[in-house]
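Me: I should like to learn how to read the features of a structure with more than one chain. May we begin with the way in which helices cross?

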Protein chains: 2
Amino acid sequence: MRKIIQIAQGERKANLVFKNANIINVFTNEIIKGDVAIEDGRIIGVGEYNGVEEIDLKGKYLAPGFIDSHVHIESSMVTPSEFARAIIPRGTTSIIADPHEIANVKGINGIKYILDESQDLKLDVYLMLPSCIPSTPFENAGAVLEAEELSELIDRDRVLGLGEMMNYPGVINGDEKVLNKLSLAREKMIDGHGPVISENDLNTYIAAGVQTEHECSTIDEMKERLRLGMYIHIREGSAAKNLNELIKVVDKDNLRRCMFCTDDKDPSDLLKDGSINHNIKLAIKEGLDPIDAIKMASLNPAEIYGLKDKGAIAPNYRADLLVIDNLQDFNILQVFKDGKLVAKDYEALFDVTKSDDKNMKNTVNIQNVEKKDLNISLKDGKVNVIELMPHSLITKKAEKIVGEDIIIEDGKFKRGDDILKVAVIERHNKTGNIGLALVEKFGLKNGAIASTVAHDSHNIIVIGDNDEDMLTAVDELERVGGGITLVSDGRVLETLRLSIGGLMSEESLEIVDEQLNKMLEIAYEKLNVNKDIEPFMTLSFIALPVIPDLKITDLGLFNVEEFKFIDLQS
Amino acid sequence: MRKIIQIAQGERKANLVFKNANIINVFTNEIIKGDVAIEDGRIIGVGEYNGVEEIDLKGKYLAPGFIDSHVHIESSMVTPSEFARAIIPRGTTSIIADPHEIANVKGINGIKYILDESQDLKLDVYLMLPSCIPSTPFENAGAVLEAEELSELIDRDRVLGLGEMMNYPGVINGDEKVLNKLSLAREKMIDGHGPVISENDLNTYIAAGVQTEHECSTIDEMKERLRLGMYIHIREGSAAKNLNELIKVVDKDNLRRCMFCTDDKDPSDLLKDGSINHNIKLAIKEGLDPIDAIKMASLNPAEIYGLKDKGAIAPNYRADLLVIDNLQDFNILQVFKDGKLVAKDYEALFDVTKSDDKNMKNTVNIQNVEKKDLNISLKDGKVNVIELMPHSLITKKAEKIVGEDIIIEDGKFKRGDDILKVAVIERHNKTGNIGLALVEKFGLKNGAIASTVAHDSHNIIVIGDNDEDMLTAVDELERVGGGITLVSDGRVLETLRLSIGGLMSEESLEIVDEQLNKMLEIAYEKLNVNKDIEPFMTLSFIALPVIPDLKITDLGLFNVEEFKFIDLQS
């Protein structure tokens, strides 16, 4: 403390001083010209200072590092350490992550893996404990996490509370297990995921303890939630893009209740658009005061989540700082984390060491799948088919006619008019569960695609126009321990190995992106996949039984509208 | 929790529902028409609800209860319970108090008394632990509190951190005992009291951990502190009135960093103007958006001090609610604390029970004072005299001439031209210390006034034009165990007994106010006190050696400019 005082007094040189900065002041919305003195990773003084090392910013802008206030690292398909290497150069120096995907595969150990792997990163990683493992009772995940299991981790450093409570019907109906989880996190933050609910249901959700929402998509949804005291994450992700609409609601009065998040962002979008810096740029483009946009990515999430030394440039704050060319182009020239230069011109200047991840490997644990296991018996009449929609994660329930749209052979599905077989194979606990269904408008010909990324339980999902290629694809995923694979004519064309839980690669984001692009091209060009859909993401969401209308899990065909399993034929 | 859910759902009637309210929404700055459902002291839902008891507000306004974010209860001269009875009807339902005065008298036990006495009040009382007991090394208080003593209380419920760190030179110079106190509260809030310091000194003060300031009096002071990340209390008290000036700085961008406080408010002002409701009214008059003014008294201090369930009207917040006629007149018609009606038309609807306060009584512990102890020996030449200024707590150092302005007899001060003798008698630990000085422009004739309220050490201060009456006044204060007394012609004219620590009465605020008014009249009319000064407050501040220019403590005459003791004659 004595050293700090001497430095703040100007009696002793700080380790590092930024000279002649245009300092973005998130407290007063001013640009202040001056120096920033840094020692031991934190800001000591703002004003006139001299340093052992001095960096003359010559009027460039200095912003606090950005905070992604709600993100699933797993959606990047890389490990936390590689994720850090990807987003730090884009200005995100802290994230609040919900390790929901890996917890669906590996339970508590999955969460611990993320905690361990993120312990000594240049990125500060805070966690919200996944609240819904499995996401629904209509599928088998790799684990079931109740309050008892979560209690082990709730008081850990860097754990800020309970992650998105998707089971809002459970909250509203007073499900005991759900309430126990909310009780566990009563003194902490509790994130929500309750779009569509309104009025008394929304009051109930909030009265039960839920404090944030990142699933708003309409102005009315956001306004109602703000009025009732919720904090709003304005999301701009790969699939869900809500910023342009929701930013219209933000004004000077409610600004402090609003933050930015990415939620889910795939490798390509991360590389192309960036992380939270993209939200800021879009918001400025939509007319938001640039300093307000920066506040939503710094001071606001820091205050809301209690990260007391983050989110501003003032004495006692962490020296997580971005050098920016100007507030129009908003190019991030340099990134300093804890006072150390960690990225320049969008390139990380550090290597990462991975934690011990052997527990996260070889997570494909299935019974032997044979051709007969993929048989779909059909009789004459109507068949319920999952119809894909262009550029959407929502599916429709279509009715097709055996003999007209669908050809059967020996009482079993043979083929149809752009109708493919899809199977979800439980892959965590070797139960042998297989759910079978038919999908329209995927377009695939002469092959199969399989993936262990299948929301939210992440069983194997496989689609194909012939059983042999489907089996080959499943075998390939078992062999590599999870990932995404393309098969044609009995031959594996290409595989993206996701050895960590079947969700994350051990490679860099750039390599994963390259491989995915290559596989996309093969899918479209060789396998003839419908170009109005993104095959891997589409596949991964066909298994999520909370988005309308018709979905498939390892337990069968699920009608989301009616919220129950249905048969292929009635 | 199940009951809460049923009520929020509207399936079960809430205990109390306000119908047809104009709800002041501090999240969005809107007035929302609707009902507010309350159960077990907290708000369950806002929208459409029915209750066992329903109160039809017919369009009246509903505001969150106000928070006084920095106040010394002792300045009201009543106990915490009587203070609650006085301010609750004026809309203040929570306070953040610094029991600095009673701690100067009774140390840790004084703080515990406030904690105990405020435990079951209708008012929520949070404490900041006094950081500077004694205030300066230039006087003897009743206790010395270092980090070690304070550590016993820092983690207590309702203790939010460290109170105003007045010893800013100690911080800036790295005084070890001061730094230990700051370390003790590192994870909590630390209030400041560091006006005038600027630039590197201010950076140092903040880097050392100080987070708030309530002593700003100029626009520049406030702006500089906001920029460096400090939270600002805008104060409107009895002596210090900063609102009209500082409110000019508040805008939509920095609003969230600003709060209202009263700091010190005497009985008369509390009864006449009120508490924080007065700050709000003044701010509205100065042009601040009424909802922003309310935010500064509710959501802002609640967020800043981490009072998570306070400061707004939404599910999960405490039902501390005010019914207000309209936002122009701003009359507080009813006050609900934890969902119970506790005041109506500015009258409390509850009685208070006092805690066991026997430890706080009989705090006047002095050696026998004799006439000779009051002798001031003088020789010919100049004498340093404390010159009072009209309507000010600042004094001047005047030089008077023996034989011209001052008459001596047997080498001792006899009388002067409106020059009186003043004595500060150490009254806590019977040290026998007596500081003697001369005061100009007090005006008193034929009598003496004495008080145990003498900032900040609260020794006995006595002023008079003859030693006999001064001794009688001291004897009277010893007899009653502390207070304020008026003496003339050897007879006690009137005494306000302040039996709690010599600072607080056991009577109600109204009775104390009445008695003070009566005594003021006697002071002016019978004792001929200068009408340009308030004699009791003036006396109580003559002993405070941190306000310019010349002061008197039990250790002698103190020159604040030079920051050292001086002799009456050089």
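Reply: A crossing is called right-handed if the near helix is turned clockwise from the far one by less than a right angle, and left-handed if it is turned anticlockwise. In this predicted model, helix 1 of chain A passes helix 7 of chain B in a right-handed crossing.

Me: At what angle do the axes of helix 1 of chain A and helix 7 of chain B cross?

Reply: The two axes cross at roughly 155 degrees and come within 8 Å. Angles over 145 degrees count as roughly antiparallel, and therefore helix 1 of chain A is roughly antiparallel to helix 7 of chain B.

Me: Which residues meet there?

Reply: From helix 1 of chain A come A:Ile4, A:Ile5, A:Ala8 and A:Gln9; they meet B:Asn200, B:Asp201, B:Asn203, B:Thr204 and B:Ala207 of helix 7 of chain B. Of the residues in this contact, four are nonpolar, four polar and one charged.

Me: How is chain A related to chain B?

Reply: Two copies of a chain are related by a rotation about an axis and a shift along it. Here a turn of 180 degrees with a shift of 0.0 Å lays chain A on chain B, with an RMSD of 0.1 Å. That is the relation of a two-fold axis. In chain A, the C-alpha nearest the axis belongs to A:Lys252, 3.0 Å from it.

Me: Why is it said that the copies meet through the same surface?

Reply: The reason is that 100% of the interface residues of chain A are also interface residues in chain B.

Notes. Residues are numbered from 1 along each chain as its sequence is written. Chains are lettered from A and ligands numbered from 1 in the order in which they are written. This is a predicted model: local features need pLDDT of at least 70, side-chain atom pairs count only at pLDDT 80 or more; totals for chains, interfaces and linings use all residues. Side-chain values use heavy atoms; hydrogens and water are left out. Copies are superposed by least squares on the C-alpha atoms of residues with pLDDT of at least 70 in both. Contact means heavy atoms within 4.5 Å. Axes are lines fitted to C-alpha atoms, for helices over the stretch in contact, and angles run from 0 to 180 degrees between N-to-C directions. Helices (H or I, at least four residues) and strands (E, at least two) are DSSP runs, numbered from the N terminus. Angles under 35 degrees count as roughly parallel, over 145 as roughly antiparallel, 65 to 115 as roughly perpendicular and the rest as oblique. Ala, Val, Leu, Ile, Met, Phe, Trp, Tyr, Cys and Pro count as nonpolar, Asp, Glu, Lys and Arg as charged, and the others, Gly among them, as polar.
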